Amino acid sequence: MNLEKMKESFNKWKSDYDKKKAASKFRQKKFMSVSSYEPEPLYTPLDLEGFDYFEKLGIPGDYPFTRGVHNTLYRERLWTMRQFAGFGTARQSNERYKYLLKNGQTGLSVAFHLPTLMGLDSDNPLSRGEIGKDGVAIDTLADMEILFDGIPLDKVSTSMTINAPAAILLAMYIAVAKKQGVAPEKLSGTIQNDILKEYIAQKTFIFPPEPSIKLIVDTIEYCSKHLPAWNTISISGYHIRESGATALQELAFTLIDGRTYVEAAIARGLDVNDFASRLSFFFNSHNDFFEEVAKFRAARRIWAKLMKEKFGASNQRAQLMRFHTQTAGCSLTANQIENNIVRVTIQALAAVMGGTQSLHTNSMDEALALPTEKAVRIALRTQQIIANESGAANVIDPLGGSYYVEKLTDEMEKGVWNYFDQIDRMGGVLAAIDKGFFQSEIADASFRYQREIERNDRVIVGVNSYCDANAEKGGGELLKIDEKVEREQVAALTEVKKKRDADKVKASLERLKNDAKSGANVMYALIDCVEAYASLGEMCDIFREVYGVYEEPPMF
Amino acid sequence: MSEKIKVLIAKPGLDGHDRGAKVVARAFRDAGFEVIYTGLRQTPEQIVNAAIEEDVDAIGVSILSGAHNHCFSEIMNLLKHNQVDDIMVFGGGIIPDDDVAYLKSIGVAEIFGPGTPTDDTVKFLKANVRKGNE
Amino acid sequence: MSFDASLLGRFLRGEKRACARIISIVEDRRRGYEEYIEALQPHVGSAYVVGITGPPGVGKSTLINKLAAEFLASGANIGVIAVDPSSPFTGGAVLGDRIRIGEIGMNPKFYFRSLSSRGSLGGLSEAAVDIIRVLDAFKKEVILVETVGTGQNEVDVMRACDTTVVVTMPGTGDDVQAQKAGILEIGNIFVINKSDRDGVERTLRELQSMLMMNPLNEKYETPIILAKSNIGEGISAIKEAVDRHRAYLESSGWLSVKRSERNIRAFRNLVNSKLIEEIGLRLSQHNDYGRLEEEVKSGALSPHRASIQIMEYIKGKILHHSAE
């Protein structure tokens with residue numbers, strides 16, 4: 001390409017563009033991404049001067065994996081269609097899982113209700129009003145058995161969104177599989193198990209940071225030995241984004257959390273070439289199509305560099321980043337909810353073009369309630385249409401080489417390293433959490449975003465523009481959780497507590513306490529506890545006693 | 001000295017999603033209100049106690065976990081029981097229209113769902129808060 | 001709006017809402033607030049006031065609530081006033097100190113009130129003093145007052161306290177330096193919180209040398225306590241130090257000296273602010289005042305010359321002095 005000619009052409013275009021901009025009114029004052037990033041109107045080869053294909057991109061499946069982690073990607077196997085689901089009792093969720101599997105979903109993803117996330121049993125007074133409302137109620141192994149009744153755990157992989165009590169739910173899953181006759185080595189799936197983002201964004205923390213990280217390393221260590229196909233952690237940016245972060249913040253904070261976990265596992269003496277291949281990630285996919293694609297590509301490149309250069313990982317599987325994506329819940333509107341189907345489609349397409357390994361698409365009614373069967377079916381069909389009708393799945397990294405996307409990927413990467421420096425100067429992730437750094441960055445970003453909407457600098461269709469007072473407000477039919485779920489669950493728990501062997505429970509909880517106190521790996525004691533039908537609350541109370549309870553710094 | 005509108009912003013129940021509550025808190029501050037933020041995971045008793053001690057004009061309840069019917073009714077009952085039901089109660093979060101109707105029937109003044117401009121909430125409070133001058 | 005005797009009655013019977021309402025009336029300086037202060041005067045005198053200050057992020061909130069719990073455990077009736085800055089532009093504020101309260105919040109002997117620092121007019125310390133008075137009349141035996149120690153306002157609030165606790169933490173020397181604006185001189189007890197952090201010895205040494213250079217009038221050896229408020233370590237030591245300081249002040253007679261100085265300061269501050277308010281009001285009502293301000297704005301008249309003109313007017317018209 002003739003560089004001089006390019007420069008001349010570009011400058012001519014630029015001066016013409018600037019003239020037009022000064023003379024007429026463009027349709028918006030600013031053109032910004034969802035993250036308030038302002039791209040140029042045009043990208044050309046000039047933006048990629050000196051671009052080294054092998055340094056920046058590589059072949060898919062090769063370091064630095066910018067273009068993807070497989071060299072066949074979706075031609076060999078589509079991403080896993082994994083819809084997050086769970087509500088009411090284990091029986092009700094079991095039915096929803098069977099419905100989803102029947103409709104072509106290829107993996108399960110379990111949503112637990114808030115009491116479970118917070119380590120509380122359904123009969124705890126703090127759980128009143130919350131039972132089964134936003135996830136499935138799981139108190140003991142008995143509930144888990146019902147949840148997976150008729151679902152072969154050697155054939156279906158399961159992702160469980162659980163953090164503070166993740167080790168406990170993993171123990172329950174292993175115990176259910178055991179009862180089904182499935183050996184631990186056959187189990188495939190993920191526990192989210194990412195406590196750092198809880199302190200930053202989702203706030204379902206229980207114990208303080210240091211013991212929580214210890215629990216995470218316990219699970220990593222245990223799975224290294226017994227569950228080689230299990231993803232021990234899903235290092236998450238989704239929630240960070242949902243709480244108001246920009247795409248760059250989502251990326252930077254997630255990656256630095258990941259780095260912290262790797263450091264902790266290495267400190268325990270674990271081999272990075274072994275455990276790192278079972279770390280996985282979880283990202284958000286929001287409305288700005290190109291920003292998201294760039295983010296996914298930058299993520300892979302940065303992680304690969306980190307693993308290879310900082311941690312010396314030589315095994316390719318330990319260098320490459322696999323991730324699950326969920327379309328952005330915070331982008332859904334409560335007005336004209338059919339529009340959300342369109343938003344989800346764009347977001348899902350970005351995830352596919354970004355090379356995700358598995359994908360959850362939100363349902364249109366989720367700004368109002370948990371999804372109905374019809375809404376979730378449409379969400380699943382969205383993925384299936386993209387996979388089969390759009391051609392997006394037929395070429396690996398189809399946007400690779402786009403001047404815009406490559407430039408944006410580079411910018412994201414730079415921004416991430418800057419954030420790393422800033423956080424390191426503060427003393428690292430735990431120190432930054434303590435200082436409220438992440439929380440204040442996020443609060444600032446979310447406030448700015450809201451202001452942009454209210455000043456009409458940012459258009460949200462159906463919310464501050466194209467509104468229609470006559471449009472049906474909300475969905476006709478919404479999912480309602482029956483109040484009797486609470487009564488049923490509490491009754492079921494009481495039954496389990498009556499029927500179980502009280503001595504066995506007591507002994508197993510004692511063992512758990514001793515192991516926790518001595519610093520031993522608690523997974524073994526937990527499996528004993530769950531098999532004795534100790535309840536989640538009972539086990540978490542032991543941890544609360546030994547590890548203490550976390551209080552977040554007051555921060556706006 | 002002019003009397004500021006004083007609002008308690010509360011997160012009841014186990015829900016940890018505080019993005020909306022914090023954005024609204026800032027918007028209120030920018031509008032000149034005095035906001036007391038309770039922090040996460042408050043019981044209805046703690047919320048009402050705080051409202052009384054701080055002598056607030058209104059309580060804003062943010063709840064996204066589906067437990068709104070239970071939480072709001074507990075709060076309304078406690079306000080009545082403590083004879084402070086002149087404090088206005090409003091809310092936001094993930095609350096379907098049917099439930100909004102129920103909540104209004106038990107005395108909740110307004111629910112501001114996802115997408116509500118913060119200015120609307122500010123205007124509503126300015127128009128409807130009764131300054132309890134004794 | 002006038003004085004409501006029934007409100008006072010409910011207050012005296014211990015009704016929390018009435019106390020909250022009177023605090024609001026006093027805090028906002030609503031019309032007639034002085035009558036309430038007068039009415040409460042006979043009931044005042046049982047409270048001991050402990051101020052807690054320090055830069056943001058040192059863990060004051062956690063510390064103050066654990067300290068309150070210690071006092072509650074000893075049977076005392078406790079009040080806490082927590083001051084947060086308000087926006088200098090809008091006057092609004094987000095007050096987040098209640099986040100730390102925890103279980104003691106529901107103890108009937110515990111009362112927590114947030115207070116915003118309401119801009120730069122110095123109204124903060126006056127408001128705080130009067131709120132302390134109200135809580136005192138409400139039979140609070142110990143009142144803890146928390147501020148963020150960064151400015152003159154906060155120093156003034158600490159002067160309204162009997163014992164002042166200054167909290168810092170290990171880390172950059174800046175934290176200790178930043179408190180030099182008066183706080184070090186009025187601190188009676190120093191706490192190094194988060195004392196498991198790196199740099200604690202250095203912070204301790206810096207504090208010790210600073211204290212040696214600033215001998216306090218009271219000839220009292222100022223303790224430096226190491227604490228970890230998140231796990232409750234050091235809290236009882238702080239309470240003991242407060243008790244000891246109180247005993248010292250009482251036995252040496254310094255307590256009454258402090259309190260009388262406080263009354264004088266309050267009196268002078270009130271006179272000052274009332275003067276400014278009263279005269280300011282009269283000035284602004286005068287026809288020429290606006291014109292004068294315009295001239296100052298445009299630079300036609302210097303602020304100094306303009307102020308001389310105002311003073312002559314005040315002396316002549318308002319104070320009935322001759323223009324000379």
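Which residues meet in a salt bridge at 3.7 Å, N to O? Select D30(B) and R451(A): their side chains form that bridge. The model in the viewer is predicted, and the tour begins at this pair.

**Stop 1: chain A against chain B**

Keep D30(B) and R451(A) in view and add the rest of the interface between chain A and chain B, where 5 salt bridges are found. Next, select four helices of chain A: α5 (114-117), α8 (196-202), α10 (238-242) and α19 (437-454). Each of these supplies at least two residues of the side of chain A that touches chain B. Colour α19(A) separately, since the largest contribution to that side comes from this helix, with 8 residues.

Now colour the side of chain A that touches chain B by residue class: 19 residues are nonpolar, 7 are polar and 14 are charged. Show both partners together, and the contact comprises 40 residues from chain A and 32 residues from chain B. The area buried between chain A and chain B is about 2900 Å², and carbon and sulfur atoms account for 54% of it. Between chain A and chain B, 9 residue pairs are in polar contact, with both residues at pLDDT 80 or more.

**Stop 2: chain C against chain B**

Turn to chain C, of which 36 residues are in contact with 31 residues of chain B. Select R17(C), R21(C) and R98(C): these supply 24% of the area that chain C buries against chain B, more than any other three residues. Chain C and chain B bury about 2900 Å² between them, with 46% of it on carbon and sulfur atoms.

Keep R98(C) selected and add E53(B). The side chains of R98(C) and E53(B) meet in a salt bridge at 2.7 Å, N to O. In total, 6 salt bridges are found across the interface of chain C and chain B, and 19 residue pairs there are in polar contact, with both residues at pLDDT 80 or more.

Which elements give two or more residues to the side of chain C that touches chain B? Select α1 (5-12), α2 (16-27), β3 (93-95) and β4 (110-116) of chain C. Among these, α2(C) gives the most, with 7 residues. A colouring by class on the side of chain C that touches chain B shows 13 nonpolar, 11 polar and 12 charged residues.

**Stop 3: strands that pair between chains**

Select strand β2 (residues 34-37) of chain B together with β3(C). The two strands run parallel and are joined by 3 bridges. Within this pairing, find V35(B), which stands opposite V94(C) in β3(C).

**Stop 4: the domains of chain C**

Colour chain C in three parts: domain 1 (1-43), domain 2 (45-252) and domain 3 (269-323). How far apart do the C-alpha centres of domain 1 and domain 3 of chain C lie? The separation of these centres is 35 Å.

**Stop 5: a sheet in chain A**

Return to chain A and select the strands β2 to β6. They form an open sheet of 5 strands in the order β2-β3-β4-β5-β6, with parallel pairing. At the edges are β2 (84-85) and β6 (230-231) of chain A, each of which pairs on one side only. To inspect one edge, select strand β5 (residues 189-191) of chain A with β6(A): these pair in the parallel sense over 2 bridges. The tour ends at T190(A), which stands opposite N231(A) in β6(A).

Conventions. Residues numbered from 1 in each chain as written. Chains lettered and ligands numbered in written order. Predicted model: local features only at pLDDT ≥ 70, side-chain atom pairs only at ≥ 80, totals over all residues. Heavy atoms only, no water. Contact = heavy atoms within 4.5 Å. Buried area = accessible area lost by both parts, 1.4 Å probe. Salt bridge = Lys/Arg side-chain N within 4 Å of Asp/Glu carboxyl O. Polar contact = N/O pair within 3.5 Å; in protein donor to acceptor, adjacent residues only side chain to side chain. Nonpolar A, V, L, I, M, F, W, Y, C, P; charged D, E, K, R; others polar. Pairing = 2+ DSSP bridges. Domains from an automatic or database assignment.
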